[in-house]
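Hi,

Here is the structure I promised to pass on. Have a look at it first, and then read my notes below.

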Amino acid sequence: MKTVPTTNPKIGIVIPIIDSGDHIESFVRRYIESIQCYGGASQTVLVCNNSPSRFFQKLKKFENEQLTVVDIGNCEHGIGKARNYGLSLLSDDVQFVSFLD
């Protein structure tokens, strides 16, 4: 007989960030509101890739225990490199991973 877990699994979300104009802060606020509705633990990594440094500075103010912001600079390998880098930063106890781009 299978046992049913009593808690939700820990999820990891990697979000590559590129130049998205002035909408980035409102997106992150809405994302944070949405992820707080999840009943389990989560870890999010925002990866700035080919983004102006002002985006990185705006996003750093959202950083906390569950949300990490990193800047990989100008990467010619594209969004795949940003996803893989974000994935490498997730903790070992993350059970499910999603990419939001």
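Let me start with a residue that caught my eye: R83 has a relative accessibility of 26%, so it counts as partly exposed. Before I go on, please keep in mind that this is a predicted model. R83 makes a salt bridge with D101, and their closest N and O atoms are 2.7 Å apart. The two come from distant parts of the chain, with R83 in helix α3 and D101 in the segment after β4, 18 residues apart. D101 has a relative accessible area of 54%, so this residue is exposed.

Now for the sheet. It is open and has 4 strands in the order β3-β2-β1-β4, with parallel pairing. β3 and β4 (96–99) are the edge strands, each pairing on one side only. On average, neighbouring strands are turned by 15° against each other, ignoring direction. If you want to check one pairing by eye, try β1 and β4, which run parallel to each other over 4 bridges. One place to look is I11, whose bridge partner in β4 is F96.

Two helices go with this sheet. α2 packs on it and touches β1, β2 and β3, and its direction makes about 165° with that of β3. Helix α3 (residues 79–89) lies across β1, β2, β3 and β4, at about 145° to β1.

What about the inside? The largest nonpolar core has 17 residues, and I17, V28, L46, L59 and V69 are those with the most contacts inside it. Two or more residues each come from β1 (11–17), α1, β2 (42–48), α2 (53–60) and β3 (67–71). The largest share, 5 residues, is from α1. I17 is a good one to click on: leaving out residues up to four places away in sequence, its contacts are I24, L46, V47, C48, N49, S51, F55 and L59. There is also a second, separate core of 7 residues, which includes V45, V47, A82 and L90.

Back to charges. Side chains of opposite charge can pair when their charged atoms come close. How many salt bridges does a search of the whole structure find? The count is 6. One of them I have already described, between R83 and D101.

Another joins the side chains of R29 and E25, at 4.0 Å from N to O. These two are 4 residues apart in helix α1, so about one helical turn separates them. Is E25 buried or exposed? Its relative accessibility is 16%, under the 20% cut-off, so E25 counts as buried. R29, at 41%, counts as partly exposed. Apart from neighbours within four places in sequence, E25 is in contact with K58, K61 and F62. Two of those names come up again in a network of salt bridges that links E25, R29, K58 and K61.

The last pair I want to show you is K60 and E63, whose side chains meet in a salt bridge at 2.8 Å, N to O. Both are partly exposed: K60 has a relative accessibility of 32%, and E63 has 31%.

If you only have a few minutes, I'd look at the strand order β3-β2-β1-β4, then the 17-residue core, and then the network around E25, R29, K58 and K61.

Cheers

Methods:
Residues are numbered from 1 along each chain as its sequence is written. This is a predicted model: local features need pLDDT of at least 70, side-chain atom pairs count only at pLDDT 80 or more; totals for chains, interfaces and linings use all residues. Side-chain values use heavy atoms; hydrogens and water are left out. Contact means heavy atoms within 4.5 Å. A nonpolar core is a set of buried Ala, Val, Leu, Ile, Met, Phe, Trp, Tyr and Cys residues joined through side-chain atoms within 4.5 Å. Buried means under 20% relative accessible area, exposed over 50%, partly exposed in between (1.4 Å probe, protein chains only). Two strands pair if DSSP finds at least two bridges between them. Axes are lines fitted to C-alpha atoms, for helices over the stretch in contact, and angles run from 0 to 180 degrees between N-to-C directions.
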